[in-house]
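Work through the exercises below with the sequence and the structure side by side, and try each task before you read its solution.

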Amino acid sequence: MDTITCNALITMFEHIGEWEEALALLNRMEGARIDVNTITYNAAISNCERSGEWGEALALLSRMFECRIAMDTITYNAAISACEKGGESGAALA
């Protein structure tokens, strides 16, 4: 598999409500040394946002920072929205 295929699968998992599968695929990508990028992480964070998994969304945001993966407006919007949906608006401001 390649990055584009995996990104599409992560997005598909969002549409069927399988955020845990999306994060598992992200982990497998990294373990298999398949390139991950901003799009990969945005899709994973969006999965968490849609499922109300605000803690996981923030953990992914932190991981992006640690791995020096560029963040964009989509990244921040999805993370903020995840916090809002999870009832943790304060966490979005931290």
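A crossing of two helices is called left-handed if the near helix is turned anticlockwise from the far one by less than a right angle, and right-handed if it is turned clockwise. Keep in mind throughout that this is a predicted model.

**Exercise 1.** Describe how helix α3 and helix α4 pack, and name the residues that make the contact.

*Solution.* Two packed helices are described by the angle between their axes and the distance between the axes. For α3 (residues 38-51) and α4 (residues 54-66), the angle is about 165° and the axes lie 8 Å apart. Because angles over 145 degrees count as roughly antiparallel, α3 is roughly antiparallel to α4. The crossing in which α3 passes α4 is left-handed. On the α3 side the contact is made by Thr 38, Tyr 41, Ala 44, Ile 45 and Cys 48, while α4 contributes Glu 56, Ala 57, Leu 60, Leu 61, Arg 63 and Met 64. Sorted by class, these are 8 nonpolar, 1 polar and 2 charged residues.

**Exercise 2.** Decide whether Thr 3 is buried or exposed, and do likewise for Thr 5.

*Solution.* Begin with Thr 3, which is found in helix α1 (residues 3-15). Its relative accessible area is 15%, and since buried means under 20%, Thr 3 is buried. Beyond its neighbours within four places in sequence, Thr 3 is in contact with Met 29, Ile 34, Asp 35, Asn 37 and Thr 40. Turn next to Thr 5, which also lies in α1; at 37% relative accessibility, Thr 5 counts as partly exposed. Finally, the side chain of Thr 5 makes a polar contact with the side chain of Asp 2, at 2.6 Å.

Conventions:
Residues numbered from 1 in each chain as written. Predicted model: local features only at pLDDT ≥ 70, side-chain atom pairs only at ≥ 80, totals over all residues. Heavy atoms only, no water. Helix = DSSP H or I, 4+ residues; strand = E, 2+ residues; numbered from the N terminus. Buried < 20%, exposed > 50% of the residue type's maximum accessible area, 1.4 Å probe, protein only. Contact = heavy atoms within 4.5 Å. Axes fitted to C-alpha atoms, helices over the stretch in contact; angles between N-to-C directions. Parallel < 35°, antiparallel > 145°, perpendicular 65-115°, else oblique. Nonpolar A, V, L, I, M, F, W, Y, C, P; charged D, E, K, R; others polar. Polar contact = N/O pair within 3.5 Å; in protein donor to acceptor, adjacent residues only side chain to side chain.
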